[in-house]
Protein chains: 2
Amino acid sequence: MTRAGAKAVRAGYHHGDLRQALIDAAEAVLAEKGVGGFTLRECARRAGVSPAAPAHHFGNLTGLLTAIATLGFDGLSGAMDAAAEAATQAGGSRLRAIGEAYLATALARPGRFRVVFGQMGLNGEDPDFKQASARAFSILVRETRAELPQDQGEDDLFSRLPPSFAGDPDLAEILLVWSVTHGFTTLLLDGQLDFLAGTAGREALLKLHSERLVVLLISALRSSDPSA
Amino acid sequence: MTRAGAKAVRAGYHHGDLRQALIDAAEAVLAEKGVGGFTLRECARRAGVSPAAPAHHFGNLTGLLTAIATLGFDGLSGAMDAAAEAATQAGGSRLRAIGEAYLATALARPGRFRVVFGQMGLNGEDPDFKQASARAFSILVRETRAELPQDQGEDDLFSRLPPSFAGDPDLAEILLVWSVTHGFTTLLLDGQLDFLAGTAGREALLKLHSERLVVLLISALRSSDPSA
DNA sequence: ATCGGTATCTTGACGTCGTCAAGATTTATT
DNA sequence: AATAAATCTTGACGACGTCAAGATACCGAT
């Protein structure tokens, strides 16, 4: 037969790179049918492989989803880093840039974003996943601190990520930034703002986010009392 | 046999109030197993009824979930209204009160909250659901406007809810409030802040939310330019 | 070059799921 | 009391995730 799969050619009994093919198939399924129509068997079907094959690479459905979620976090991190760098080059606000990047990344791959934050069983103990998650959060921390009217240049603070955030004086501001960005993204993605998009259009909402919401947010950060 | 169900007694062939019994069972399942372990057959089992029985009251799984989501919105609305009223009595901030109420309601019934916002197929055309959703949003609009340094007392603005929010000058502030509240709630509920709760504890996070996050938010609102 | 071990994939099956069509049973209407 | 409507059951269908056992291909040691 030597039939060809959707992404990778199926040469013989072995696939070659089934792991990557399954991830590609999973992303395609998420893009087409959304998180509701996502199925492990469908992914196997698209990769031209039996329903039990994925188990050898991902263990179970949770394993595949965790791999996707890791990609999701990496995508967010990469987009935020790139946007921040570009903003510096262009002389714009870095925090505004990463907010736009967060939102744009989620809208570009809504299925992937929902796997990350959608509370479908992920393996939180997976080391790659944990690292990707921590990296994304560290970017948020770094950029939020850079926007605060204090501690400019104390780069050594950026490094102590894992240990005890509890008493961190900037924690409120960090969580505020994340909450606004994540909240708006989630509401938009889940169709909660559709009744607005009907008249305003999605682009208008994006514009509103980066030109008004983020501005309000930054003003709140700049006016926050450093001695609090 | 005349066996007794979990919630309502099963007298004969007919149930009596199967619709309510199914909703109760569904909430119990959500509370015990979360949204991942939710199953229509399990709900029917707990109500002491065959797997096909729910179809006559809810059509399908989507119908039952939509009913739950309607309860979820009503719960949010009721809690926010009550908290705002109580805040006025106590001389506190109404906006802070509804923020706490939103968060507390979600934490009290996380499964229900996830049905509302978790992007598991709901019937957005259901009239009860639409009304419950609109009511919750209208409360947010009302309280946000009350916090703005303008338009105090122009109650007629509150009434024009459905028609064209597009050019509303307060839209950015409204969405900011909703984004912060919803974003923080979602992050906390989905375990994204667990690495903080390990050292700080969940109560500390709640305290941080109402004492620092909401304060920052309100300061942003008060400083927002009315002529923007 | 061959052989044995191991990684990879298939086959077949199990239990569970949502849903449908058809029939049984109870309630409501006239 | 007879007929209509509402309610619930039975039985079945296809699809799902997962497992155990077997088939096939690769790979390093000899």
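Visitor: What makes the span of helix 9 of chain B agree with the expected one?

Guide: In this predicted model, helix 9 of chain B (residues 171–189) has 19 residues, which at 1.5 Å a residue should span 27 Å, and its end C-alpha atoms are 26 Å apart, so the two agree. The expected span is 1.5 Å times one less than the number of residues, and helices are DSSP runs of H or I with at least four residues, numbered from the N terminus. Local features need pLDDT of at least 70, and side-chain atom pairs count only at pLDDT 80 or more, whereas totals for chains, interfaces and linings use all residues. Residues are numbered from 1 along each chain as its sequence is written, and side-chain values use heavy atoms, with hydrogens and water left out.

Visitor: Why is A:Cys43 called buried?

Guide: Buried means under 20% relative accessible area, exposed over 50% and partly exposed in between, with a 1.4 Å probe and protein chains only; A:Cys43 is at 0% and therefore counts as buried, and B:Cys43, also at 0%, counts as buried too.

Visitor: What makes helix 9 of chain B mostly covered?

Guide: Of its 19 residues, 19 are buried.

Visitor: Which residues are closest to DNA strand C?

Guide: The closest of the 21 surrounding residues are A:Ser50, A:His56, A:His57, B:Leu40 and B:Arg41, where near means that a heavy atom of the residue lies within 4 Å.

Visitor: What is 2.3 Å from a base nitrogen of DNA strand C?

Guide: An N or O atom in the side chain of B:Arg41 is at that distance.

Key
Chains lettered and ligands numbered in written order. Helix = DSSP H or I, 4+ residues; strand = E, 2+ residues; numbered from the N terminus. Polar contact = N/O pair within 3.5 Å; in protein donor to acceptor, adjacent residues only side chain to side chain.
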